[in-house]
Amino acid sequence: MSVVIVGGGMAGLATAFELHARKIPFVLLDGAERAGGIVISEQIDGYTIDGGPDALLVQKPDGIRLCEEVGLGERLIPTSPPRIAFVQRNGCLHPLPATSVLGIPTRLGPFAATRLFSWRGKLRMAGELFVPAKRDDADESIGAFMRRRFGVEATTYLAEPLLAGIHAGDVDALSVQALFPRLVEAERQHGSLLRAFRRQPPSPAAAEGAFRSLPGGLSELVTALVAAMPRRSIRLRTPVDRVRCDRSDGFRVETHSGELIRARALVLCTPAYVTSQILREAAVDLAQLCAEVRYASTATVALAFTRGQVDHPLNGSGFVVPRVERSGILAASWLSSKWSHRAPADRVLLRTFVGGARDPAALDRADAELVTLSRQALEPLLRITGAPLLTRVYRWVRASAQHEVGHLARMAAIDRALERHPGLFVTGSGFRGVGIPDCIADGRSTASQVSSWLSSSVSA
Ligand SMILES: Cc1cc2nc3c(=O)[nH]c(=O)nc-3n(C[C@H](O)[C@H](O)[C@H](O)COP(=O)(O)OP(=O)(O)OC[C@H]3O[C@@H](n4cnc5c(N)ncnc54)[C@H](O)[C@@H]3O)c2cc1C
């Protein structure tokens, strides 16, 4: 086999798709029963439930582009208006100021009007215009960056639940350079984020909202990708245990059942700690670096109600919960308001996120307990009465890669180590980008590097 790909999440599938487009033979091995990794959508009793990711960010176009290439372009749907996200403060939900970039307000009117921040907090945030830009290039946490520029309140009610929250991470551990280079660049170029973002024209796509999905959930993309590839090229229920280097002829990939598969090039698209395990004999240096990438565990809990059970207008996409609110959940999506056709008429589909770096013990709880704590968090805010019609719990153990301070330096070390192992490639959310568009972009770019390497090794 020319190329063996290990891992069939979005990164592995994107790598495979690109290799196939380049007519390079490959086999993709995945240990699970189904392809897609964290991406799973289910149709239950008329509800369409995404257990993992539900949205593709428009601003990073690789996800949208791949949908178009596999014939799903016409099926892409925007979020339903009003496209408002809320933040919980003192047990109430406050809309994020209407015009904002990553939650940072860009217009004075909505910012002045919001009750999400105190006047003191607002003054400190407005003072960002006068905070001198950082002089050195050292990495810092999202928390340190936001406190330095916007103060404590903006960090507590914006950065922690929103910027760190989407990664289920610790605001004082996650790297601003790795995860939000746009913020760092704005400071570097304009001296102030408020100045930078006020000057930015609204993106044309923003009129339709920042996200897209598919009517049957994001699994539609997985199904289309699998269908686009040769039938025998994807082997499920085939976990890989280890890899050995075959000095003369590439790699020997050993599956859990003891099967040996030879490969000239090997692309590992597994979580970084699995990649580390697989490489423990073939590339000790790389295995050590991969083991350093930390992961957080989360669960999502889907709950369905009749419309009459929920008194709140659900006029938005959902809300995030700052740590200081001491809620049992990290955030909630109002899936049936966010996307059309996610629930039957007169029904409501909600989804909570629990766990993450904030509450690592959450996943020790039984499913019924996770449902109970989700209900306890939602009921007073959304004025819900009665029991849910349907509940569903999805557990994501060590699934959220944490790109912590120093991640870019570690990544550079990983890339240097890869140079010492020709024909070996790593990709996936633990490495160069976390969200689906990033995983797709890096998977495809990795496939093009594999293609160049195969051509150069043949000519050599
Ligand atoms: C709850 C949740 C919600 C999210 N929401 C969004 C969102 O809305 N939008 C967005 O862009 N991103 C979102 N993300 C992030 C995004 O889903 C992931 O970063 C992305 O899907 C990761 O893809 P991956 O291919 O790197 O990894 P994975 O999807 O984890 O795939 C890894 C694959 O490797 C396989 N594997 C593991 N070990 C072995 C082995 N030993 N041998 C063979 N195969 C193995 C697994 O079975 C799996 O299929 C979310 C993440 C979570 C957890």
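User: Two strands pair if DSSP finds at least two bridges between them, right? Then which residue in strand 16 is the bridge partner of Val4?
Analyst: That's Leu266. Helices (H or I, at least four residues) and strands (E, at least two) are DSSP runs, numbered from the N terminus. This is a predicted model, where local features need pLDDT of at least 70 and side-chain atom pairs count only at pLDDT 80 or more, while totals for chains, interfaces and linings use all residues. Residues are numbered from 1 along each chain as its sequence is written.

User: Cool. How many bridges join strand 1 to strand 16?
Analyst: Four, and strand 1 (residues 3–6) runs parallel to strand 16. Strand 16 also runs parallel to strand 22 (residues 424–426), joined to that strand by three bridges. Leu266 turns up again here, because its bridge partner in strand 22 is Leu424.

User: Which way do the residues of strand 16 point?
Analyst: In strand 16 (residues 265–268), Ala265 and Val267 point one way, while Leu266 and Leu268 point the other way. In a regular strand, side chains alternate between the two faces of the sheet.

User: Are those residues buried or exposed?
Analyst: Ala265, Leu266, Val267 and Leu268 are all buried. Buried means that 20 or more other C-beta atoms lie within 10 Å of a residue's own; exposed means 12 or fewer, partly exposed is in between, and C-beta atoms are placed from the backbone.

User: Where is Ser118, and why is it called exposed?
Analyst: Ser118 sits in the loop between helix 3 (108–113) and helix 4 (119–126). Ser118 counts as exposed because it has 12 other C-beta atoms within 10 Å. Glu153 is 35 residues from Ser118 in sequence, and their C-alpha atoms are 8.3 Å apart in space.

User: Switching topic: what order do strands 13, 14 and 15 take in their sheet?
Analyst: The order is 13-14-15, in an open sheet with antiparallel pairing. Strand 13 (240–245) and strand 15 (260–263) are at the edges with a single partner strand each, so one side of each has no neighbour in the sheet.

User: And how many bridges are there between strand 14 and strand 15?
Analyst: Strand 14 (residues 251–255) pairs with strand 15 over four bridges, in the antiparallel sense. Glu254 stands opposite Leu260 of strand 15.

User: What about helix 10: which residues are buried there?
Analyst: In helix 10 (residues 219–227), the buried ones are Ser219, Glu220, Leu221, Val222, Leu225 and Val226. These buried residues pack against helix 1, strand 3 (41–44), helix 2 (62–69) and strand 12 (234–235).

User: Now the ligand! How many residues surround it?
Analyst: There are 35 around the ligand, and the closest are Gly7, Gly9, Gly37, Pro53 and Gly435. The elements giving two or more residues to this shell are helix 1 (10–21), strand 17, strand 21 and helix 16 (436–459).

User: What classes are in that shell?
Analyst: The shell has 19 nonpolar, 14 polar and two charged residues.

User: Which domains supply at least three residues each?
Analyst: Domain 1 (3–38 + 221–293 + 404–459) and domain 2 (77–81 + 295–402) each give at least three residues to the shell around the ligand. The domain assignment also lists domain 3 (100–201).

User: How far apart are the C-alpha centres of domain 2 and domain 3?
Analyst: They lie 26 Å apart. The contact between domain 2 and domain 3 takes 14 residues from domain 2 and 12 residues from domain 3; two residues are in contact if their C-beta atoms, placed from the backbone, lie within 7 Å.

Terms used: Domain bounds come from an automatic or database domain assignment. A residue is near a molecule or strand if its C-beta atom, placed from the backbone, lies within 6 Å of it. Ala, Val, Leu, Ile, Met, Phe, Trp, Tyr, Cys and Pro count as nonpolar, Asp, Glu, Lys and Arg as charged, and the others, Gly among them, as polar. Two strands pair if DSSP finds at least two bridges between them.
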